[in-house]
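Q: I should like to learn how to read a metal site and a nonpolar core in a protein model. Could we work through one example together?

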Amino acid sequence: MGIIIKSKEQIDGIRKSSKLAAQALIYIEEFVKEGVSTEFLNQKIHDFIIEHGATPATLGYGGYPKSCCISLNEVICHGIPSEDTILKNGDILNIDVTTILDGYYGDTSKMYTVGEVSEDALRLIETTKHCLDLGIQQVRPGNHVGNIGFAIQRYAKVKGYSVVYEFCGHGVGVDFHEDPQVDHAARRNSGPKLQPGMTFTIEPMINQGKARAKVDKQDGWTARTVDNKLSAQFEHTILVTETGYEVLTDVSDEY
Ligand code: MF3
Ligand code: CO
Ligand code: CO
């Protein structure tokens, strides 16, 4: 194990795969509307990834059956796309895409809304995005990985939300889940120090109510809030550079 410091060649490959995963999230946007099934969205994403010469990393991963995760409302993460899950007005959902391109992994997710969404839901989504951005701002050589989670947790708490601690960010790039583990709730100056050439995800899951997750006994994957209140998530794949960070899954020049 240990944290892999990526070579220039590996970084170029991870960047390409990351951009493709990010493009898939943009591509799917126009199909997210009332009445469509999450399996329809999964099929669109599957075809998009294949057409671009890549493969979906989740398909067959530990027995996971689909090409992305789609997590609605009270689902925290790992929602399995289904013909029976039909989007309805007011839903919020996360779509999480991981690509393998030329052997390299890129992992990203974002929130979508269906029709008219409550003010409460919008506030949760906005706060979760800001949590991700505060985490990203902690990325620079010499800083402890724990300061990412420390920044996220502090802000979520101020806004009255809780941070999911049972699922974490992770090293990514030459494998799907590498070291280090990136906790979204952590103590200041805890964990290993960041070094140029590390690549990992930050993917905070923020809950309206309790932090706890329960995994569906039937399908073994779907993680829901214990109180059925809403949960939101955003994810980027990040490279530690000599001076700070590069958001490898950014295709909008946001960072
Ligand atoms: N993409 C998810 C992540 O961010 C992992 C999904 S694993 C799966 O780490 F098997 F559930 F698809
Ligand atoms: Co991830
Ligand atoms: Co992901």
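Q: What is the geometry of the site of the cobalt ion (ligand 2)?

A: As a general guide, ideal angles at a metal are 109.5 degrees for four tetrahedral donors and 90 or 180 degrees for six octahedral ones. In this predicted model, the cobalt ion (ligand 2) has six donor atoms, and the angles among them run from 51 to 160 degrees. Six donors count as octahedral only if opposite ones are over 155 degrees apart and all others lie between 65 and 115, so this site is classed as irregular.

Q: Which residues coordinate the cobalt ion (ligand 2)?

A: The residues are D107 (OD), H170 (NE2), E203 (OE) and E235 (OE), at 2.0 to 2.2 Å. Along the chain, these donors are spaced as D-x62-H-x32-E-x31-E. D107 belongs to strand β5, whereas E203 sits in the loop between β9 and β10, so the pair ties together parts that are 96 residues apart in sequence.

Q: Are D107 and E203 buried or exposed?

A: D107 counts as buried, at 2% relative accessibility, and E203 also counts as buried, at 8%.

Q: Which residues have the most contacts inside the largest nonpolar core?

A: In soluble globular proteins, nonpolar side chains tend to be buried together. Here the largest nonpolar core has 28 residues, and those with the most contacts inside it are I92, V139, I148, F200, I202 and I206. The elements α3, α4, β9 and β14 each give two or more residues to this core, with the largest share, six residues, coming from α3.

Key
Residues are numbered from 1 along each chain as its sequence is written. Chains are lettered from A and ligands numbered from 1 in the order in which they are written. This is a predicted model: local features need pLDDT of at least 70, side-chain atom pairs count only at pLDDT 80 or more; totals for chains, interfaces and linings use all residues. Side-chain values use heavy atoms; hydrogens and water are left out. Donors are N, O and S atoms within 2.8 Å of the metal (3.2 Å for Na, K and Ca); water is not among the atoms, so sites may look incomplete. Four donors count as tetrahedral if all angles lie between 85 and 135 degrees; four count as square planar and six as octahedral if opposite donors are over 155 degrees apart and all others between 65 and 115; anything else is irregular. Helices (H or I, at least four residues) and strands (E, at least two) are DSSP runs, numbered from the N terminus. Buried means under 20% relative accessible area, exposed over 50%, partly exposed in between (1.4 Å probe, protein chains only). A nonpolar core is a set of buried Ala, Val, Leu, Ile, Met, Phe, Trp, Tyr and Cys residues joined through side-chain atoms within 4.5 Å.
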